[in-house]
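Okay, everyone, thanks for coming. I've got one chain to show you today, so let me put it on the screen and we'll go straight in.

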Amino acid sequence: MNNINMFQEMEDLRYRKDLSQGAIANICGVKPSSASKWFEKKKIDDKYLWIIANSEYGDDRFMLALLCYELRLPTTYLNTLRRNREDSLADLVGAQLEDSESDTAIINLMNLLSLEIPNKKAIGSNSLELFDTGLKMILSATNILKSEGISVPEALLERREVNNARA
């Protein structure tokens with residue numbers, strides 16, 4: 001079940017990055033009085049969450065929480081932040097290592113699913129490895145985009161334009 005409280009995640013980010021309410025308002029391009037209302041209601045519009053995540057203050061924890069929130073993934077996936085990343089190249093190396101582990105999980109799943117009575121515990125474990133890989137890939141891609149000054153929505157729009165031009 002997805003029970004991620006994105007307002008609390010934003011508050012935790014504010015604590016980690018020592019950000020004031022005014023700084024949050026500035027990041028989102030709104031008046032301080034508008035941001036003040038968010039803090040009174042303990043609710044922030046999703047579009048501003050993406051702006052915060054793509055800002056220089058967004059971090060892996062906040063991005064992963066937002067992805068879990070948007071994709072309705074369980075909060076347990078917030079525990080997949082296992083490695084610290086130093087730069088985009090290290091990010092890609094980490095994603096490649098995770099992908100190798102996922103390849104093994106895929107082979108294991110194919111073997112398990114071909115059995116007359118598959119082991120559900122083993123299926124669950126190997127399936128979670130696929131989720132771990134997917135999340136690692138998403139975090140890697142978002143970090144690379146951020147380091148290049150490209151927002152996730154901007155990249156998605158560019159991809160859509162390229163695909164439309166091919167059609």
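Let's start with D18. Buried or exposed, what do we think? D18 is exposed, because its relative accessible area is 70%, and the cut-off for exposed is over 50%. Keep in mind that we're looking at a predicted model here.

Where does D18 sit? You'll find D18 in the loop between α1, residues 6-17, and α2, residues 21-28. Now look at the backbone: the phi of D18 is near 55 degrees, so we have a positive value in a residue other than glycine. In general, most residues other than glycine have a negative phi, so that's why I flagged it.

There's another one to check, and that's K42. K42 isn't a glycine either, and its phi is positive, about 55 degrees. K42 belongs to the loop between α3, which covers 32-41, and α4, which covers 46-53. And K42 counts as exposed, because its relative accessible area is 58%.

Okay, on to helix packing. Generally, you describe two packed helices by the angle between their axes and the distance between the axes. The pair I picked is α5, residues 60-71, and α7, residues 120-147. What angle do α5 and α7 pack at? It's about 125 degrees, and the axes are 11 Å apart. That angle makes α5 oblique to α7, because oblique is what's left once you take out under 35, 65 to 115 and over 145 degrees. As for handedness, the crossing of α5 and α7 is right-handed.

Which residues make the contact? On the α5 side it's D60, M63, L64 and L67, and on the α7 side it's L135, I138, L139, T142 and N143. Sort the residues of that contact by type and you get six nonpolar, two polar and one charged.

Let me zoom out to the whole chain. How many helices and strands are there? Eight helices and zero strands, so, by the DSSP runs, reading from the N terminus just gives you α-α-α-α-α-α-α-α.

A few totals for the chain, then. There are 167 residues, and 37% of them count as buried. The accessible surface is about 10600 Å², with 53% of that belonging to carbon and sulfur atoms. And if you take contacts between residues at least 6 apart in sequence, 61% of them join residues at least 24 apart.

That's my tour, thanks.

Technical notes
Residues numbered from 1 in each chain as written. Predicted model: local features only at pLDDT ≥ 70, side-chain atom pairs only at ≥ 80, totals over all residues. Heavy atoms only, no water. Axes fitted to C-alpha atoms, helices over the stretch in contact; angles between N-to-C directions. Helix = DSSP H or I, 4+ residues; strand = E, 2+ residues; numbered from the N terminus. Left-handed = near helix turned anticlockwise from the far one by under 90°. Contact = heavy atoms within 4.5 Å. Nonpolar A, V, L, I, M, F, W, Y, C, P; charged D, E, K, R; others polar. Buried < 20%, exposed > 50% of the residue type's maximum accessible area, 1.4 Å probe, protein only. Areas by Shrake-Rupley, 256 points an atom, 1.4 Å probe, with all protein chains shown as cover.
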